[in-house]
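Me: I have a structure open and would like to understand the words people use for it. Could you go through some of them with me?

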Protein chains: 2
Amino acid sequence: MIDPVLARLDADRPQALDRLMEFLKIPSISTDPAYDGDVQRAAEWLANDLKSFGVPAEIHPTSGHPMVTGTLGDGGPHLLFYGHYDVQPVDPIDLWHRDPFDAALEDTAAGQVIRARGASDDKGQLMTFVEAARAWASVHGSLPCRITFFFEGEEESGSPSLLPYLDQNKGWMSEPDIALICDTSRIGEDRPAITTQLRGLLGEEITVHAASRDLHSGSFGGAAANPIRILTRILADLHGPDGRIQIPGFYDGVEETSSALRADWDALGITPEDVLGDVGLSHPAGETGRDVLEMLWARPTAEINGITGGYTGAGFKTVLPAQASAKVSFRLVGRQDPAKIREAFHSFVQERLPADCRVEFAPHGAGPASVMDTDHPVFAATRAALDAEWAEPAAFVGAGGSIPIAGYFKTILGLDSILLGFAREDDQIHSPNEKYDVKSFEKGTRSWARLLGELA
Amino acid sequence: MIDPVLARLDADRPQALDRLMEFLKIPSISTDPAYDGDVQRAAEWLANDLKSFGVPAEIHPTSGHPMVTGTLGDGGPHLLFYGHYDVQPVDPIDLWHRDPFDAALEDTAAGQVIRARGASDDKGQLMTFVEAARAWASVHGSLPCRITFFFEGEEESGSPSLLPYLDQNKGWMSEPDIALICDTSRIGEDRPAITTQLRGLLGEEITVHAASRDLHSGSFGGAAANPIRILTRILADLHGPDGRIQIPGFYDGVEETSSALRADWDALGITPEDVLGDVGLSHPAGETGRDVLEMLWARPTAEINGITGGYTGAGFKTVLPAQASAKVSFRLVGRQDPAKIREAFHSFVQERLPADCRVEFAPHGAGPASVMDTDHPVFAATRAALDAEWAEPAAFVGAGGSIPIAGYFKTILGLDSILLGFAREDDQIHSPNEKYDVKSFEKGTRSWARLLGELA
């Protein structure tokens, strides 16, 4: 059943690229109200495109930009496909070598690319799936399984309407068996990657207070508590000499990476130099005895993202400040519980406060890690589909950062996600001259078509 | 010989107060070029006043404001008397209840005061000595010992001309046996104080660099060195659990306070509450087993005066910054060598730098502690003079901060200083509504007259 679909995709490629470029010419910058009409226009374009091959697409208004949804097909696993039709702003515009919304094909030394804002993030990526579905519907008259399309228009501006929307629609939106999210990269020129675990994030600001006002260190130095000293002491205690985090209970829910997954990661051949070389570093700075990919994907962290206290201008001022503060974040893995860790961190800080001092905490978000159930049959199908399409076998990889949508699907809808995208690290998303390789688009559409074939 | 001098001071008091108020009416704000003419006028007023009782005063131009000098008298120890004729700015002017340069006597619940900018700091204080000398000259036709008067006009603006002046004039300026500096406070309403030791100060800024640019903690957290973490670790290592500073060799040159001096300090009855209560603290934060005055006056410190790194604005940003920096200062005592400590601190930091990181240092001044030779006969004479004048015996005290002039006299001229002033802690120097108690002025002039009597 798959061969005619692939043939159709190949034959239809010029038209598919034309459709994508039409879509890219709509400047759907979600963060700038000046483009509100364009964002709406992009939603309408997308809904109309879905309708053109039979998806009963609808545009759902929100208090921000609308959601575009539609469900088509029967049987097989029920898939929820997610993408976003909004794009980043284009500043600094001077650094673009062409109008970011006059999408065009360009020949480069590395092959043909589609050049435009949103070409990779995420219009090009989401259209790989739409084109695969269109080809199936066109060749076989129907989709091989039930598919719910779900597109938002606020991903680049913090998704303010997403949580309320998922909450209000969790009845029908929980019906799918699994979500597909197409907003990530492949890991090698000929090697696709499925992201199976993403770290969670817990943020906390702490402010240590001592004296009721700033003091002169000549008059008070040695006798008065210095909140910067107290803060640095507390922060230094966060890590032991082996790089492990010293907060009691912090590692509850952290499991060792399975040997199968480690073998997958080892096979990627990624060196510390690959990860750190571009930013002038060479020594992985995490726990002793862990390799660099483990540090990034499978191990939790405690990081100080900001610190301030006392006099920080030019020159010198012999002040003992009244307060000092730091922003601390924890990347979480496995089943670490953000609420318990927040509480344990508070106790950790409180226990280290000397007399005369007090601490204020300000929470800054908390989300657990996402670890996908790779035993789900759709994972096996995905891997098989990718193996058939690509020269190198698909890798199961981790991600050091959070992808909030995957967390929301899990916590609100109870859905695992398959994070499969075809972008390249050099696509310059969020930067001038964003592009998407025609190869990414071509093999992306074929990959999704093969996955649908596996599920048929 | 002293009685007629004291009688003359008492009889001449109204005229002495008039002279002081005339001096105070000259707005000699040294930091503001708009007042350059007034600063010059104050120098001239002071030189003329010295000449009026026989001192061959001269005004020495500098690249900034002039020095006023003059030497009179023979025999006995040769004294160098220092004061400054410039004053602080008056902002915020709205908080003054009268024109800061329309000096006047005011009756207050605590007694009569002279109200004006500079009344205490330092015109009122320096005139206590000038009046004492005038009374001696007038009653006995000469001074009882040789006195060199030395006044600067830039103390409130960082004394930029002082070091070059001392360097260029160190020949004749090294001739005196000891310096008298009248710019400090008495310690009780009826208890004068001589400051016999001042802590030195060493300032150093350190900047820890890691990656070549700011990183996202999702992409790099756990693998990339975080300079804030490294900096807090280094700073936390500065102090041991007993509050002692861990830099090797740091305590070289630090001696225990003599039992005589400790007895003096104990007799002051100063509690932690006296020192810390006003700023909302109650627990002395220095080395275990030291009392609060030792911590302030006799023990060295390492303080972090400022720290900054990463994102410090509102909200949160999961950044791993490229650098983080701190301003660190050390208060020094005894014979601690600032140059050696700077070097030891550099090594201390370098040894704690992990791979991939580098540190930059920026020096911010270095001055050793001043510990006066209290065996000098002028100290005994001063104590005797004060005991005769005041209801309570004079205390030998320390100062937690530096008084740069005392350090310069020691290092450039080789002179110890007797720091004796009569101000009160509530004089509001550098603040609106500065005042000097008439009692401070009266007993100050009498104290200096008695000291000259002791030296006669």
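Me: What makes strand β9 (residues 200-209) and β13 of chain A a pair?

Reply: Happy to help, and keep in mind that this is a predicted model. Two strands count as paired if at least two bridges are found between them. Here 10 bridges join β9 of chain A to β13(A), and the strands run antiparallel, so they meet the definition of a pair. You can look for A:Glu205, which stands opposite A:Lys327 in β13(A).

Me: What else pairs with β13 (residues 323-332) of chain A?

Reply: Strand β11 of chain A pairs with β13(A) in the antiparallel sense, over eight bridges. Within this pairing, A:Glu303 has A:Ser329 as its bridge partner, and A:Gly309 stands opposite A:Ala324.

Me: Why is β13(A) called largely enclosed?

Reply: A residue is buried when its relative accessible area is under 20%. Nine of the 10 residues of β13(A) are buried, so the rest of the structure largely encloses this strand. The argument for β11(A), residues 301-310, is similar: eight of its 10 residues are buried, so β11(A) is largely enclosed too.

Me: Which strand of chain B pairs with β11(A)?

Reply: That is strand β11 (residues 301-310) of chain B, which pairs with β11(A) in the antiparallel sense over five bridges. One of the places to look is A:Gly309, whose bridge partner in β11(B) is B:Ile307.

Me: How do you know that the two copies are related as by a two-fold rotation axis?

Reply: A turn of 180 degrees, with a shift of 0.0 Å along the axis, lays chain B on chain A with an RMSD of 0.1 Å. The copies are therefore related as by a two-fold rotation axis. The same surface serves both copies, as 100% of the contact residues of chain B recur in chain A.

Me: What makes β4 and β18 of chain B edge strands?

Reply: They belong to an open sheet of three strands in chain B, ordered β4-β5-β18 with antiparallel pairing. β4 (104-108) and β18 (435-437) each pair on one side only. Neighbouring strands in this sheet are turned by 35 degrees against each other on average, direction ignored.

Me: Which helix of chain B packs on the sheet, touching β4 and β5?

Reply: Helix α2 (residues 13-24) does, and its direction makes about 35 degrees with that of β5(B). Helix α15 (residues 438-455) of chain B lies across β4, β5 and β18, running at about 55 degrees to β18(B).

Notes
Residues are numbered from 1 along each chain as its sequence is written. Chains are lettered from A and ligands numbered from 1 in the order in which they are written. This is a predicted model: local features need pLDDT of at least 70, side-chain atom pairs count only at pLDDT 80 or more; totals for chains, interfaces and linings use all residues. Side-chain values use heavy atoms; hydrogens and water are left out. Buried means under 20% relative accessible area, exposed over 50%, partly exposed in between (1.4 Å probe, protein chains only). Helices (H or I, at least four residues) and strands (E, at least two) are DSSP runs, numbered from the N terminus. Copies are superposed by least squares on the C-alpha atoms of residues with pLDDT of at least 70 in both. Contact means heavy atoms within 4.5 Å. Axes are lines fitted to C-alpha atoms, for helices over the stretch in contact, and angles run from 0 to 180 degrees between N-to-C directions.
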